[in-house]
Amino acid sequence: MTRDLRVAALSGGVGGARLLHGLERCLPPGRLTAIVNVGDDLEHWGLSICPDLDTVMYTLADLAPVARGWGIEGETFHALEAMRRLGAPDWFALGDRDLATHLRRSEALRRGEPLSAVTAGLCRALDVRSNVLPATDDPLRTHVETRDGRTLPFQEWLVREQAPRVARIRLEGPRRPAPRVLEALERADVVVFGPSNPYVSIDPILAVDGVRDACRQKPVVMVSPIVGGQAVKGPLADMLQDLAGRAPAPAAVRDHYGALVSHVVVERGEAAGLDGVRVLEAETLMTTRERSRVLAEALLDHALGNVR
Ligand code: FO1
């Protein structure tokens, strides 16, 4: 069933993108705006890579591989192999078709086009019907200070070094909102925080000027990125321990956001410690597109106070 609503959803990579895919199927065309983390972005092989924007774009275009979640289904890696042979760094696996996106984006950015305009063009070309916005056009970047005393740009920390234990997350760079970001939040009936990492996916969006204040005016529904005491994907379980001294649980993530979150969606039986918010227990693992849609529908009903 489609609902006559406007939804703004803050998203990192795979988990957030899958929820966006479900939300898109519950709303009339154009009513969903994804506001996407750019803290993960990097320069690699002289190209501008935006992993979370691309994951969202490919997922909404039905191009993302269902199991891995990032990159393009059926991808080949001939360019990576050739680059390796030429002595280029090979720790970040850029696929052949994915490269076309980075080439187009990098060329447009070099011409002076802002990232938001480049992203809109790429989404148009791939027939994405929702609005996909980078949180900012500025080079706002996440750096990770590790417990063993290193400071690493996000992807070097996550992919090259395999996520060593964390002492602190640092955001660096200017943080002006991209065009239409604040407007999308102001016009939204519901704001959604995807099941993304709060420290390195959602926080870099909330750190953009005006975003946190705009969210405060709305019902905010968070989908827990923790299921069964584990992060659905990525290093969040260790980060909750390292940065908050908390065991991985939905309540630890909600406490990180504090009063900003009014509604929470958790896996069935995992509502412990979630006081002072409206909680929906549901099946939250989005292993198929249909599961994403069912979850999105339940989430919207929950946010609107509809009894199910
Ligand atoms: N993740 C990996 O674990 N290894 C990779 O080599 C890798 C390459 C990559 C290329 C393009 C892209 O859009 C994403 C890629 N990712 C890779 C995923 C990415 O590092 C993270 O999952 C996200 O940045 C976190 O949201």
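**Strand 1 and histidine 102 in a predicted model**

Strand 1, residues 7–11, is mostly covered in this predicted model, with 5 of its 5 residues buried.

Biologist: What makes the side chains of strand 1 point one way or the other way?

Modeller: Val7, Ala9 and Ser11 point one way, while Ala8 and Leu10 point the other way, and all are buried. In a regular strand the side chains alternate between the two faces of the sheet.

Biologist: How do you know that strand 1 and strand 2 pair?

Modeller: Pairing requires at least two bridges, and strand 1 and strand 2, residues 32–36, have 5 bridges in the parallel sense, so the pair meets the criterion. One of the bridge partners can be named: alanine 8 is matched with threonine 33 in strand 2. Strand 1, helix 1 (residues 14–24) and strand 2 also make a right-handed β-α-β unit.

Biologist: Which sense does the pairing of strand 1 with strand 9 have, and over how many bridges?

Modeller: Strand 9, residues 190–193, pairs with strand 1 in the parallel sense over 4 bridges, and here the bridge partner of leucine 10 is phenylalanine 193.

Biologist: Why is histidine 102 called buried?

Modeller: Histidine 102, which lies in helix 4 (residues 96–110), has a relative accessible area of 0%, and because buried means under 20%, histidine 102 is classed as buried. Histidine 102 touches residues including Leu47, Ile49 and Leu94.

Biologist: What makes the link between histidine 102 and aspartate 98 a polar contact?

Modeller: Their side chains are joined at 2.9 Å, and the cut-off for such an N or O pair is within 3.5 Å, so the contact between histidine 102 and aspartate 98 qualifies.

Definitions and conventions
Residues numbered from 1 in each chain as written. Predicted model: local features only at pLDDT ≥ 70, side-chain atom pairs only at ≥ 80, totals over all residues. Heavy atoms only, no water. Buried < 20%, exposed > 50% of the residue type's maximum accessible area, 1.4 Å probe, protein only. Helix = DSSP H or I, 4+ residues; strand = E, 2+ residues; numbered from the N terminus. Right-handed = clockwise from strand over helix to strand, strands pointing away. Polar contact = N/O pair within 3.5 Å; in protein donor to acceptor, adjacent residues only side chain to side chain. Contact = heavy atoms within 4.5 Å. Lists of a residue's contacts leave out its neighbours within four places in sequence.
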